[in-house]
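Load the model in your viewer and set it to cartoon view. We will walk through it one selection at a time.

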Amino acid sequence: MTIAVRYFTRTGNTRRLAEGVAAALGVAAESVEAGLSEKTEAVFLCNSVYAAGVDDAVKAFIADNKDKIGTLYNLSTAALLTSSYKMVRKLAEENGVTLSEKEFHCRGQFGPLHANRPTAADIRNAADFAKGVLV
Ligand SMILES: Cc1cc2nc3c(=O)[nH]c(=O)nc-3n(C[C@H](O)[C@H](O)[C@H](O)COP(=O)(O)O)c2cc1C
């Protein structure tokens with residue numbers, strides 16, 4: 001099965017999550033800016049919420065790679081919202097991309113809020129989520 005882990009990060013939280021997921025799946029975590037070089041069956045998109053939205057780079061990744069994404073899996077971190085899923089679902093629908101109903105979310109540190117999140121346990125849970133959806 002072809003698998004990719006892509007992330008967008010501003011302060012490092014989501015990159016750490018993506019790296020843990022990628023290591024568990026035996027692939028490299030790359031920035032969304034790397035895009036996808038080939039049709040990929042399972043794409044784990046690790047992203048976050050900024051000012052109640054997702055970054056333009058995440059929007060561009062979905063639009064630019066829509067023909068290469070088999071199934072998209074959303075993994076997010078945020079300080080206040082409990083997921084970026086609805087935002088990513090809208091983007092997936094607009095681009096005709098299949099988004100799994102299964103998602104992963106955990107808190108991400110934002111200034112004094114949620115210190116050290118994602119924790120090692122959060123990252124383990126994200127890796128278990130990713131392995132679990134591939135079974
Ligand atoms: C500029 C900025 C704006 C943010 N806005 C929100 C927000 O509107 N809602 C929210 O739940 N979290 C918000 N956060 C918190 C981030 O979603 C959280 O810290 C996340 O883990 C950041 O991921 P990153 O370190 O990979 O960039 C914001 C963080 C930053 C830096």
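In which strand does Ala 29 lie? Select it and you will find Ala 29 in strand β2. Before we go further, please keep in mind that this is a predicted model.

**Stop 1: Ala 29**

Show the side chain of Ala 29 and what surrounds it. Ala 29 counts as buried because 22 other C-beta atoms lie within 10 Å, and the cut-off for buried is 20 or more. Leaving aside residues up to four places away in sequence, Ala 29 touches Val 5, Tyr 7, Ala 18, Glu 19 and Ala 22. Now draw a distance from Ala 29 to Ala 130: the two are 101 residues apart along the chain, and their C-alpha atoms are separated by 13 Å.

**Stop 2: the sheet**

Next, select the strands. There are five of them in an open sheet, ordered β2-β1-β3-β4-β5, with parallel pairing. At the edges stand β2 (29-31) and β5, each with a single partner strand, so one side of each has no neighbour in the sheet. From one strand to the next, the twist averages 25 degrees.

Zoom in on β4 (69-78). Eight of its 10 residues are buried, so β4 is largely enclosed by the rest of the structure. With β3, the strand β4 pairs in the parallel sense over eight bridges. Two places to look at in that pairing are Thr 40, which stands opposite Ile 69 in β4, and Ser 48, whose bridge partner in β4 is Thr 77.

With β5, the strand β4 again pairs in the parallel sense, over seven bridges. Here Thr 71 stands opposite Thr 98 in β5, while Thr 77 has Cys 106 as its bridge partner in β5.

**Stop 3: the crossovers**

Trace the chain from β3 through α2 to β4: these three make a right-handed β-α-β unit. Keep following to the next one, where β4, helix α3 (residues 85-95) and β5 also make a right-handed β-α-β unit.

Pause on α3 and colour its residues by burial. Tyr 85, Val 88, Leu 91 and Ala 92 are its buried residues. Seen down the axis of α3, these buried residues fall within an arc of 125 degrees, so they line one face of the helix. They pack against β3, α2 (56-64), β4 and β5. Rotate to the face of α3 turned away from the buried side, and you will see the exposed residues Lys 86, Glu 93 and Glu 94. Following α3 comes Gly 96, with a positive phi near 70 degrees.

**Stop 4: helix α1**

Select residues 13-25 to bring up α1. How far apart are its end C-alpha atoms? They are 19 Å apart, which agrees with the 18 Å that 13 residues should span at 1.5 Å a residue. The buried residues in α1 are Asn 13, Thr 14, Arg 16, Leu 17, Ala 18, Gly 20, Val 21 and Ala 22. Among the elements that cover them are β1 (3-7), β2, β3, β4 and α4. Just after α1, look at Gly 26, which takes a positive phi of about 75 degrees.

**Stop 5: helix α4**

Our last selection is α4, residues 120-134. Its 15 residues should span 21 Å at 1.5 Å a residue, and the end C-alpha atoms are 22 Å apart, in agreement.

Which residues of α4 are buried? They are Asp 122, Ile 123, Ala 126, Phe 129 and Ala 130. Look down the axis of α4 and these buried residues fall within an arc of 115 degrees, so they line one face of the helix. On the other side of α4, Ala 120, Ala 121, Lys 131 and Gly 132 are exposed.

To see what covers the buried residues of α4, turn on α1, β3 (40-48), β4 and β5 (98-107), which are included in that cover. Finally, turn the view to see how α4 lies across β3, β4 and β5, running at about 165 degrees to β5. Ala 130, the far end of the distance you drew from Ala 29, is one of the buried residues of α4.

Note on methods
Residues numbered from 1 in each chain as written. Predicted model: local features only at pLDDT ≥ 70, side-chain atom pairs only at ≥ 80, totals over all residues. Helix = DSSP H or I, 4+ residues; strand = E, 2+ residues; numbered from the N terminus. Expected span 1.5 Å × (residues − 1). Buried ≥ 20, exposed ≤ 12 C-beta atoms within 10 Å, placed from the backbone. Arc of directions from axis to C-beta. Contact = placed C-beta atoms within 7 Å. Pairing = 2+ DSSP bridges. Right-handed = clockwise from strand over helix to strand, strands pointing away. Axes fitted to C-alpha atoms, helices over the stretch in contact; angles between N-to-C directions.
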